[in-house]
Amino acid sequence: MVWRTADGQVGELADLGEPDKDRGTTERTAENWIAAFRKGAGGKVTAEFYDEGSYRQTVVLYLHGTGQIKEIYVLPSNVDGKGVFRVSMSEPDPAEATAVAPWVPKKPGELGSTMIR
């Protein structure tokens, strides 16, 4: 998701969305994410993982170059009989796409999550 946001390719980012969701909403969300996070996604990013992931996993991305924070949900899915992971992409409103939930730590590691740099 980070690489495709940095690349700025709406269709490729939208392809990571859930296949059974409205494609228009997914593409508008991809456009919003690229517009808001493209610069930061091209630099250093820290990802924190919450939850165990069998139903959904919350991932908080810290974009160091821009100081932005993005919370996403990664979902296990079945595509063409294969188990894959998709990203929940239902933020067609730009304000919603850039909002940060109150529980999200301002800095990586504050809640004892698993970090990958």
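A nonpolar core is a set of buried Ala, Val, Leu, Ile, Met, Phe, Trp, Tyr and Cys residues joined through side-chain atoms within 4.5 Å. The exercises below apply this and related terms to a predicted model.

**Exercise 1. The nonpolar cores**

Task: Determine how many residues the largest nonpolar core has, and which elements supply at least two residues of this core.

Solution. Begin with the count: the largest nonpolar core has 20 residues, and those with the most contacts inside it are Met1, Leu13, Trp33, Leu61, Ile72 and Val87. Next, assign the core to secondary structure: at least two residues each are supplied by helix H2 (10-14), helix H3 (23-41), strand S1 (45-50), strand S2 (57-63) and strand S3 (68-79). Of these elements, H3 gives the largest share, which is five residues. Finally, a separate core of six residues lies apart from the largest one, and Tyr50, Val60, Ile69 and Val104 are among its members. As general background, nonpolar side chains in soluble globular proteins tend to be buried together.

Then take Trp33 as a single case: leaving aside residues up to four places away in sequence, Trp33 touches Met1, Thr5, Leu13, Arg38, Lys70, Ile72, Val87, Ser88, Met89, Glu91 and Ala97.

**Exercise 2. The aromatic pair**

Task: Identify which residues form the aromatic pair, state its geometry, and explain what the pair ties together.

Solution. The structure holds one aromatic pair. Its partners are Tyr50 and Trp103, with 5.1 Å from centre to centre and 90 degrees between the planes. Since planes over 60 degrees apart count as edge-to-face, the pair of Tyr50 and Trp103 is edge-to-face. Tyr50 belongs to strand S1, whereas Trp103 sits in the loop between helix H4 (94-98) and strand S5 (114-116), so the pair ties together parts that are 53 residues apart in sequence.

The last step is accessibility, where buried means under 20% relative accessible area: Tyr50, at 12%, counts as buried, while Trp103, at 38%, counts as partly exposed.

**Exercise 3. A residue in contact with both rings**

Task: Decide whether Thr58 is buried or exposed, and list which residues Thr58 touches.

Solution. Thr58 is located in strand S2, and its relative accessibility of 5% makes it count as buried. Not counting residues up to four places away in sequence, Thr58 touches Glu48, Phe49, Tyr50, Asp51, Glu71, Ile72, Tyr73 and Trp103. This list includes Tyr50 and Trp103, the two residues of the aromatic pair.

**Exercise 4. The cavity**

Task: Find the volume of the largest cavity and which residues line it.

Solution. The count comes to one cavity of 30 Å³ or more, and the largest cavity has a volume of about 40 Å³. Its lining is made up of Met1, Val2, Thr5, Phe37, Ala41, Leu61, Leu63 and Lys70. The elements that give two or more residues to this lining are helix H1 (2-7), H3 and S2. By residue class, the lining divides into six nonpolar, one polar and one charged.

**Exercise 5. Two residues compared with their partners**

Task: State where Arg86 and Val10 lie, and how far apart in space each is from Gly17 and Thr29 respectively.

Solution. Arg86 is part of strand S4 (residues 82-87) and is buried, with a relative accessible area of 17%. Although Arg86 and Gly17 are 69 residues apart in sequence, their C-alpha atoms are 5.3 Å apart in space.

Val10, in helix H2, is partly exposed at a relative accessible area of 26%. Val10 and Thr29 are 19 residues apart in sequence and 9.0 Å apart, C-alpha to C-alpha. With residues up to four places away in sequence not counted, Val10 touches Glu27, Ala30, Glu31 and Ile34.

Technical notes: Residues numbered from 1 in each chain as written. Predicted model: local features only at pLDDT ≥ 70, side-chain atom pairs only at ≥ 80, totals over all residues. Heavy atoms only, no water. Buried < 20%, exposed > 50% of the residue type's maximum accessible area, 1.4 Å probe, protein only. Helix = DSSP H or I, 4+ residues; strand = E, 2+ residues; numbered from the N terminus. Contact = heavy atoms within 4.5 Å. Phe/Tyr/Trp six-rings, centres within 6.5 Å; stacked < 30°, edge-to-face > 60°. 1 Å grid on protein atoms, 1.4 Å probe; cavity = no way out; pocket = protein on both sides within 12 Å on 5 of 7 lines; lining within 4 Å. Points joined across faces, edges and corners; volume = space filled by probe spheres on them. Nonpolar A, V, L, I, M, F, W, Y, C, P; charged D, E, K, R; others polar.
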